[in-house]
Amino acid sequence: MLPALLVSALMVLLTVAIHGAGILALARLLRVEAREEAEEHIHPMSLRGIAVTLMLVLGLFALHGIEIWAYALVYLLLDALPTLSDAVYFSTITYATTGYDDDGFAEAWRMVAAIEGVNGIILLGWSTAFFVTVVARMGRSR
């Protein structure tokens, strides 16, 4: 069980670092965009503002995709799942905590999958909080 906990801890640290760097980059892009909108007197709810919001959603989605694929690659390296397709699918449903059947998953590494579920909830919550904050600021800019 100790190897699984060590792998889990490393994956949590890695995915939090990825997520933090991604959120920081998105926040910086949004600050630049807000400055430009203010200078050019563009309303945040304009077509441009909506496009920026969609870009933000895609950016957050990409961050989660990177994190899901990172877990999938670990599952392959650990030989916990047989194929990349299985690993990506398993990682996606585990990360999003939508439920799964872990019959084909190597028993020695099940704790990694369980912790991925908890990690995914936290990272999805972080993204949600960030997105809600951005949208609330857009609403106050009217």
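# Briefing: a predicted four-helix chain

D79 sits in the loop that runs between α2 and α3 (84-95). The model that contains D79 is predicted, and its chain holds four helices and zero strands. Three salt bridges turn up in a search of the whole structure, and they join E33, E36, E40 and R48 into one network. The points below take the chain as a whole, then the loop residue, the charged network, and three further positions in the helices.

**Overall build**

- In sequence order the elements read α-α-α-α, with four helices and zero strands in total.
- The radius of gyration of the chain is 18 Å, whereas a compact globule of 142 residues would have a value near 14 Å.
- The C-alpha trace spans about 60 × 25 × 20 Å along its principal axes.
- Of the contacts between residues at least 6 apart in sequence, 68% join residues at least 24 apart.

**Surface and charge**

- Of the 142 residues in the chain, 36% are buried.
- The chain has an accessible surface of about 8,300 Å², and carbon and sulfur atoms account for 71% of that area.
- The chain carries 8 positive and 13 negative charges, and the mean positions of the two sets lie 17 Å apart.

**The loop residue D79**

- Most residues other than glycine have a negative phi.
- D79 is a residue other than glycine with a positive phi, near 60 degrees.
- D79 counts as exposed because its relative accessibility is 59%, which is over the 50% cut-off.
- The loop that holds D79 connects α2 to α3 (84-95).

**The salt-bridge network around R48**

- R48 and E33 form a salt bridge through their side chains, with an N to O distance of 2.6 Å.
- That pair links distant parts of the chain: R48 belongs to helix α2 (residues 47-77) and E33 to helix α1 (residues 2-39), with their positions 15 residues apart in the count.
- R48 is partly exposed at a relative accessible area of 28%.
- E33 has a relative accessible area of 13% and is therefore buried, the cut-off being under 20%.
- A salt bridge also joins the side chains of E36 and R48, at 2.7 Å from N to O.
- This second pair again links distant parts of the chain, with E36 in helix α1 and R48 in helix α2, twelve residues apart.
- E36 counts as partly exposed, with 31% relative accessibility.
- The side chains of R48 and E40 make a salt bridge of 3.4 Å, N to O.
- E40 has a relative accessible area of 47% and is partly exposed.
- Through shared partners, these salt bridges join E33, E36, E40 and R48 into one network.

**H19 in helix α1**

- H19 is placed in helix α1.
- The relative accessibility of H19 is 0%, so H19 counts as buried.
- Apart from its neighbours within four places in sequence, H19 is in contact with L63, H64, E67, L123, W126 and S127.

**S8 in helix α1**

- S8 also has its place in helix α1.
- S8 is buried, its relative accessible area being 2%.
- When neighbours within four places in sequence are left aside, the contacts of S8 are M111, V112 and I115.

**V118 in helix α4**

- V118 is part of helix α4 (residues 110-140).
- V118 is partly exposed because its relative accessible area is 49%, and exposed residues must be over 50%.
- V118 and L84 are 34 residues apart along the chain, and their C-alpha atoms are separated by 22 Å.

Note on methods. Residues are numbered from 1 along each chain as its sequence is written. This is a predicted model: local features need pLDDT of at least 70, side-chain atom pairs count only at pLDDT 80 or more; totals for chains, interfaces and linings use all residues. Side-chain values use heavy atoms; hydrogens and water are left out. Helices (H or I, at least four residues) and strands (E, at least two) are DSSP runs, numbered from the N terminus. The radius of gyration is taken over C-alpha atoms; the globule rule is 2.2 Å times the number of residues to the power 0.38. Buried means under 20% relative accessible area, exposed over 50%, partly exposed in between (1.4 Å probe, protein chains only). Contact means heavy atoms within 4.5 Å. Accessible areas come from the Shrake-Rupley method with a 1.4 Å probe; for residues, only the protein chains shown count as cover. Lys and Arg count as positive and Asp and Glu as negative; His and the chain ends are not counted. The place of a charge is taken as NZ of Lys, CZ of Arg, CG of Asp or CD of Glu. A salt bridge is a side-chain nitrogen of Lys or Arg within 4 Å of a carboxyl oxygen of Asp or Glu.
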